[in-house]
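Hi,

Here is the structure I said I would pass on. Have a look at it first, and my notes follow underneath.

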Amino acid sequence: MTKPDDPNQVLIFDTTLRDGEQSPGISLNTQEKLEIAQQLARLGVDVIEAGFPITSPGDFEAVQAIAQGVEGPIVAGLARTHVADIDAAWNAVKDAERPRIHTFISTSDIHIRHQLQTTREDVQGQARAAVAHAKQYLDDVEFSPMDATRADVEFTAEVCQIALDEGATTINIPDTVGYTMPHEFTAYLEQLYAFVPDLHDIILSVHCHDDLGLAVANSFAGLLAGARQVECAVNGIGERAGNASLEEIVMLLHTRRGDVGLYTAANTKEIARTSRLVSRLTGYPVQPNKAVVGRNAFAHESGIHQDGVLKERTTYEIMDATTVGLDANSIVLGKHSGRHALQQALADLGLEVSGQALNTAFKRFKEIADKKKHVTAMDLEALLTDELREEIPTYQLEWFDVEASSRRPPHARVGVRAPDGEELTGSFTGDGPVDAIFRAINAATGTDARLREFRVDAVTGGQDALGETSVVLEVRGVTGSGQGVSTDILEAAGRAYVRALSGALHRRSVADEAEAATADAAAVEPVRAP
Ligand code: KIV
Ligand code: ZN
């Protein structure tokens, strides 16, 4: 990628689907990744790092689907310096409007000695070969010296120079273990610029982890030192304590633009919605006091603050909630709203829904609208993520009965529609009503799924709020996650469970088929020359 014409523009490189997806317990399927990528495009990020294609067929498929289906941002695939990694990354991203290969190798001695078990010379050679190999495929190649902030800056500079000589168009400096401090990072980058003046001609990027809570501060320090790309993730998810949080970087530059002079092309009004979508699909809640997107980020508790804000909002608010799209309750549908009004409300949310998908959405909307006075934009979003995903093949929760009392263990009976249309029934007496439903679903489907995580949230406030549940479960070593939405928590829980089960069973059967194919191949006698 060429540098933006305006030296004050900061590129947002979103790694929610790569580094973010490496967070423990997150397992997004292709459809979910595509949904997030489409929302990231609406948010206006410059680069989507869609995954690490060599790591699994699922990752490859998701990166390819994003490259083929998402317009606007550059789509990047991550690769170690190995030829096979770079080939996989290229094959996954090559259909994108603007593809990128991002290759990396560590430059810190601690990684070179203990993890790579090699030498500095070999690292130089690998970096050179990797960038050269990637450049045979495309122009846009990013190179990262991993663990750079704990590495010898002079050696890192030599490796960066090699990558530049081979044609790297972006050099990204990672604080891989979240160790650096802002003043130290600035000094490090200044030294790097001094050793490698060619860095001024390309885009310098920063990638900071949050182990000491400094990811955003360090990224900002990087910008002050001259970097013009920040690698970040929605809600700050990522390895260990996570990455720099996208929404904080974007709103920091937006709010303090007058003083700093830097800006991004992100559409800030899409921030809240992107945060909710990522939280919903990953099952990672956003802490209430999280900057910018937390439930309390714009709430005022103390009387003095409330009084001030009522008189003049800016007395205690440095950002306007509407700037980050926290006015999502402005779209309101009622019980008498028709199909057209629903379609229009969805279009206002940026979702073009028609045909069978609109019928499904309308049916679910009517069910909810019967129980809830007003259906808001946030309700619609939750409903859509719950209802309109095409996971194939899918079980459906048809009905359930739960007998619960404080004197007897609860007993549940369920009816589940199997992918082939058959209605399966099962029952179970559990420790609690939710446990009874989950185990009755296991009994109906003849599976031995084990619950790993269960979460309940209210979509909006009020007594008739929709309940949103997230389930992560495991079936013979593979996990599946699902969400369910209803005004009835038990129904929402049951829906989430069958969705998670459908995903896990699908993955299990794909893995079983792959294992069987490998075993068959191993069993074939090698053909000997006569
Ligand atoms: O943290 C890190 O160093 C990374 C690299 C792959 C850029 O994620
Ligand atoms: Zn990282």
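Start with R18: a nitrogen or oxygen atom in the R18 side chain sits 2.9 Å from an oxygen atom of ligand 1. Bear in mind that this is a predicted model, so the distances here are computed from predicted coordinates.

T176 does something similar, with an N or O atom of its side chain 2.6 Å from an oxygen atom of ligand 1. H207 joins in as well, placing a polar side-chain atom 3.1 Å from a ligand 1 oxygen. Ligand 1 on its own would expose 260 Å², and the protein buries 95% of that.

Who else is around the ligand? The residues around ligand 1 are R18, D19, H102, F104, S144, M146, N172, P174, T176, H207 and H209. By type, that shell comes to three nonpolar, six polar and two charged residues. Which strands supply at least two residues each to the shell? Those are β4 (99–106), β5 (141–146) and β6 (170–175).

Back to R18, which has a protein partner too: R18 and E49 form a salt bridge, with their closest N and O atoms 3.0 Å apart. E49 belongs to strand β2 (residues 47–51), while R18 is in the loop between β1 (11–14) and α1 (30–43), so this pair ties together parts that are 31 residues apart in sequence. In total, the structure holds 30 salt bridges.

On confidence, the protein has a mean pLDDT of 90, and 95% of its residues reach 70 or more. One stretch to flag is residues 525–530, where pLDDT stays under 50. For that stretch the model has zero contacts beyond four places in sequence.

Cheers

Methods
Residues are numbered from 1 along each chain as its sequence is written. Chains are lettered from A and ligands numbered from 1 in the order in which they are written. This is a predicted model: local features need pLDDT of at least 70, side-chain atom pairs count only at pLDDT 80 or more; totals for chains, interfaces and linings use all residues. Side-chain values use heavy atoms; hydrogens and water are left out. A residue is near a molecule or strand if one of its heavy atoms lies within 4 Å of it. A polar contact is a pair of N or O atoms within 3.5 Å; within protein, one must be able to donate a hydrogen and the other to accept it, and residues adjacent in sequence count only if both atoms are side-chain atoms. Accessible areas come from the Shrake-Rupley method with a 1.4 Å probe; for residues, only the protein chains shown count as cover. Helices (H or I, at least four residues) and strands (E, at least two) are DSSP runs, numbered from the N terminus. Ala, Val, Leu, Ile, Met, Phe, Trp, Tyr, Cys and Pro count as nonpolar, Asp, Glu, Lys and Arg as charged, and the others, Gly among them, as polar. pLDDT is the predictor's confidence in each residue, from 0 to 100. Contact means heavy atoms within 4.5 Å. A salt bridge is a side-chain nitrogen of Lys or Arg within 4 Å of a carboxyl oxygen of Asp or Glu.
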